[in-house]
Amino acid sequence: MNEMNVPRPNNLDAYWMPYSDNKYFKANPRMIARAEGMSYFTADGAEILDGTAGLWCCNAGHGRVQIKEAIQKQAAILDYAPTFQLGHPIAFEAAARIAELTPDGMDKVFFTNSGSESADTALKIALAYHKARGESSRVRLIGRERGYHGVGFGGMSVGGIGGNRKQFGALLPYVDHLPHTHGIEANRFARGMPEEGAHLADALENLVALHGAETIAAVMVEPIAGSTGVLVPPRGYLERLRALCTKHGILLIFDEVITGFGRIGTNSAPSGWA
């Protein structure tokens, strides 16, 4: 036991850590003992600022008494309620409260367990939507270079980070990518939203010309790219992408696992710029 009475693991072999150099880490382990507020603490008391809120999932901070008490209270009543042909009132209440926070017209909620599952689910809903409307030819999915949409096959396919894709073969068929918005010379000293680059959304017109709009189901992008370096979109870029998708009957999916629910000051990134 160490001075904080946190047991150290005596075997690191069984746990296969994601996105980590397992051999290096297990030779040089960095262990967190606890968390409080905006910080993690090591076993010897060193404080580490949690600048990414866990993995963008602890935005209210760590160790909040109100959250702990709410979890304890609910666990004592019901720890899990199945959703297949059964339900619990709190799930419906939570969905209604979420719908109140989303932009006008977005009033349906589908719960998932992770960002990866959310991305794959959104792509599946897009494909099913077009098929239900009699447009089953719309099977093509468009992502963006440098995009990150989790670790499911759908999210990796539309994602555009080479290192996350290269071990897994061809992934999903019928996928293409828009260019990323980073590196425009005129934006070198930009603060906030860059002024140049909205025209990059017009690359969607090239994909429509190549494949035909009748084959494209959805475009998925992050309003602010996160895992690739926090890339704020140029002014007018998202608006132009929205207009092009509407013009061609293509669904536009904003992956806001990182930016949604107040993380950039508004409940959703696009609503803050409209």
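**Note on the predicted model: a buried aspartate, two cores and a salt-bridge network**

1. Asp-50 is buried and yet takes part in no salt bridge, since the nearest side chain of opposite charge, that of Arg-263, is 11 Å away. This is a predicted model, and the points below should be read with that in mind. In general, side chains of opposite charge can pair when their charged atoms come close. For Asp-50 the separation of 11 Å from Arg-263 is to be set against the limit of 4 Å that applies to the N and O atoms of a salt bridge.

2. What, then, surrounds Asp-50 in the loop between strand E3 (47–49) and helix H2 (53–56)? The side chain of Asp-50 makes a polar contact with the side chain of Tyr-40, at 3.5 Å, and a polar atom of the Asp-50 side chain lies 3.2 Å from the backbone nitrogen of Ala-53. If neighbours within four places in sequence are left aside, the residues in contact with Asp-50 are Met-38, Ser-39, Tyr-40 and His-62. Tyr-40 thus appears both in this list of contacts and as the partner in the polar contact between side chains.

3. On the overall architecture, the protein has 10 helices and seven strands, and its C-alpha trace spans about 65 × 50 × 40 Å along the principal axes. Of the 274 residues, 31% are buried. Among contacts with a separation of 6 or more, 59% are accounted for by residues 24 or more positions apart.

4. The largest nonpolar core has 19 residues, of which Leu-178, Leu-204, Val-219, Tyr-237 and Leu-241 touch the most other members. At least two residues of this core come from each of helix H8 (203–211), strand E6 (216–221) and helix H9 (237–248), and H9 gives the largest share, with five residues. Val-219 illustrates the packing: leaving aside neighbours within four places in sequence, it is in contact with Ile-142, Leu-178, Leu-204, Leu-241, Cys-245, Ile-250, Leu-251, Leu-252 and Ile-253. A second core, separate from the one just described, has nine residues, including Val-158, Ala-217, Met-220 and Ile-253.

5. Helix H5 (residues 115–132) passes a simple check of its length, because its 18 residues should span 26 Å at 1.5 Å a residue and its end C-alpha atoms are 25 Å apart, which agrees. Within H5, the residues Ser-116, Ala-119, Thr-121, Leu-123, Ala-126 and His-130 are buried. The buried residues of H5 pack against strand E4 (140–144), helix H6 (153–158), E6 and strand E7 (251–254). Just after H5, Gly-134 takes a positive phi of about 85°.

6. Two residues other than glycine deserve a second look for their backbone angles. Most residues other than glycine have a negative phi. Leu-171, in the loop between helix H7 (162–165) and strand E5 (175–178), nevertheless has a positive phi of about 55°, and Phe-261, in the loop between E7 and helix H10 (269–273), likewise has a positive phi of about 55°. Are these residues buried or exposed? Leu-171 counts as buried because its relative accessibility is 16%, under the 20% cut-off, whereas Phe-261 counts as exposed because its relative accessibility is 51%, over the 50% cut-off.

7. A search of the whole structure finds eight salt bridges, and Arg-133, Glu-135 and Arg-138 are linked in a network of them. Glu-135 meets Arg-133 at 2.6 Å, N to O, and Arg-138 at 2.9 Å, N to O. The residues of this network are not alike in accessibility: Arg-138 counts as buried at 7%, while Glu-135 is partly exposed at 26% and Arg-133 is partly exposed at 47%.

8. Another salt bridge joins Lys-108 to Asp-107, with the closest N and O atoms 3.4 Å apart. Here Lys-108 is exposed, with a relative accessible area of 74%, and Asp-107 is partly exposed, with a relative accessible area of 48%. Buried Arg-138 has a salt bridge with Glu-135, whereas buried Asp-50 has none.

Technical notes. Residues are numbered from 1 along each chain as its sequence is written. This is a predicted model: local features need pLDDT of at least 70, side-chain atom pairs count only at pLDDT 80 or more; totals for chains, interfaces and linings use all residues. Side-chain values use heavy atoms; hydrogens and water are left out. Buried means under 20% relative accessible area, exposed over 50%, partly exposed in between (1.4 Å probe, protein chains only). Lys and Arg count as positive and Asp and Glu as negative; His and the chain ends are not counted. A polar contact is a pair of N or O atoms within 3.5 Å; within protein, one must be able to donate a hydrogen and the other to accept it, and residues adjacent in sequence count only if both atoms are side-chain atoms. Contact means heavy atoms within 4.5 Å. A nonpolar core is a set of buried Ala, Val, Leu, Ile, Met, Phe, Trp, Tyr and Cys residues joined through side-chain atoms within 4.5 Å. Helices (H or I, at least four residues) and strands (E, at least two) are DSSP runs, numbered from the N terminus. The expected span of a helix is 1.5 Å times one less than its number of residues.
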